[in-house]
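Biologist: I'm new to this one. Can you walk me through it?
Modeller: Sure, here it is.

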Amino acid sequence: MRGQILALTEGETDAVALMATLACEIHHLHPFSDWTGFYRVVAPELLKIGPYQGGHGCLVIPFSRGVCGACARTGEIQNVPDVDLFPGHIACSSSTRSELVLPVRNGDGVLLGVLDLDSNTPNAFTAEDEAFFTQLLEDVFCKAK
Ligand code: SME
């Protein structure tokens, strides 16, 4: 997955073009991601839907709400093995059982948004996923505008 994504995105700096390409590739290649997409920072403390694959996602998420909001607010990866146990989880799809959300920053450290992977399988995402996607996001978005 990594080699293919790096080849596809080489030389591209447009954040939405990068997000669209990653959403597609990750969604089709990750065995457990049933919804794969980005929420973009569009105003102070506010996320709005970006490129995604899967069923429809909610359009707007304040930093104060949900797993995506927690990731954007804290800047920390949120690996949630059971969404029913996460206070304030936003259920865009009732079939979602677990989620992995990672911050997306450019090379200047500016938070561009978050990557959200949702799975219909409980406890779907591993520490290896966390490390893999952290490195991939850093490599792909380092020059993003
Ligand atoms: N479940 C997320 C919201 C986004 S969607 O599921 C596509 C959350 O709690 O932030």
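Modeller: One definition before we start. Helix axes are lines fitted to C-alpha atoms over the stretch in contact, and angles run from 0 to 180 degrees between N-to-C directions. Also, this is a predicted model.

Biologist: OK, helices then. At what angle do H2 and H4 pack?
Modeller: About 145 degrees. H2 covers residues 15-29 and H4 covers residues 127-141. Their axes are 11 Å apart.

Biologist: Is that crossing left-handed or right-handed?
Modeller: The crossing of H2 and H4 is right-handed.

Biologist: Which residues make the contact?
Modeller: From H2, Ala-15, Leu-18, Met-19, Leu-22 and Ile-26. From H4, Phe-133, Leu-136, Leu-137, Val-140 and Phe-141.

Biologist: How do those divide into nonpolar, polar and charged?
Modeller: The contact of H2 with H4 has 10 nonpolar residues, no polar ones and no charged ones.

Biologist: Now the sheet. In what order do the strands come?
Modeller: The order is E3-E2-E1-E6-E5-E4. These 6 strands form an open sheet, and the pairing is antiparallel.

Biologist: What is at the edges?
Modeller: E3 (60-62) and E4 stand there. Each has a single partner strand, so one side of each is left without a neighbour in the sheet.

Biologist: How much are neighbouring strands turned against each other?
Modeller: By 25 degrees on average, with direction ignored.

Biologist: Where do the helices sit on the sheet?
Modeller: H2 packs on the sheet and touches E1, E2 and E6. The direction of H2 makes about 160 degrees with that of E1. H4 packs on the sheet too, touching E1, E4, E5 and E6. The direction of H4 makes about 30 degrees with that of E5.

Biologist: Let's zoom in on E6. How many of its residues are buried?
Modeller: E6 spans residues 111-119, and 8 of its 9 residues are buried. The strand is mostly covered.

Biologist: How many bridges join it to E1, and how many to E5?
Modeller: E1 (residues 35-43) has 6 bridges to E6. E5 (residues 98-105) has 8 bridges to E6. As examples, Trp-35 has Asp-118 as its bridge partner, and Leu-100 has Leu-117.

Biologist: What about the hairpin of E5 and E6?
Modeller: There are 5 residues between the strands. In this hairpin, Gly-109 takes a positive phi near 85 degrees.

Biologist: And on E1, which residue of E2 is the bridge partner of Gly-37?
Modeller: Tyr-52. E1 and E2 (residues 46-53) run antiparallel, joined by 6 bridges.

Biologist: Switching to H3. Why call it largely enclosed?
Modeller: Because 7 of its 9 residues are buried. H3 runs over residues 66-74. The buried ones are Gly-66, Val-67, Cys-68, Gly-69, Ala-70, Cys-71 and Ala-72.

Biologist: What do the buried residues pack against?
Modeller: The buried residues of H3 pack against E1, E2, E3, E4, E5 and E6.

Biologist: What follows H3?
Modeller: Gly-75, whose phi is positive, near 75 degrees.

Biologist: Last one. Why does Gln-78 count as buried?
Modeller: Because its relative accessibility is 14%, and the cut-off for buried is under 20%. Gln-78 lies in E4 (residues 78-80).

Biologist: What does its side chain reach at 3.3 Å?
Modeller: The Gln-78 side chain reaches the backbone oxygen of Glu-76.

Biologist: And which residues beyond its neighbours within four places in sequence is Gln-78 in contact with?
Modeller: Val-67, Ala-70, Cys-71, Phe-86, Glu-99, Leu-100 and Val-101. Among them, Val-67, Ala-70 and Cys-71 are buried residues of H3.

How values were computed
Residues numbered from 1 in each chain as written. Predicted model: local features only at pLDDT ≥ 70, side-chain atom pairs only at ≥ 80, totals over all residues. Heavy atoms only, no water. Helix = DSSP H or I, 4+ residues; strand = E, 2+ residues; numbered from the N terminus. Left-handed = near helix turned anticlockwise from the far one by under 90°. Contact = heavy atoms within 4.5 Å. Nonpolar A, V, L, I, M, F, W, Y, C, P; charged D, E, K, R; others polar. Buried < 20%, exposed > 50% of the residue type's maximum accessible area, 1.4 Å probe, protein only. Pairing = 2+ DSSP bridges. Polar contact = N/O pair within 3.5 Å; in protein donor to acceptor, adjacent residues only side chain to side chain.
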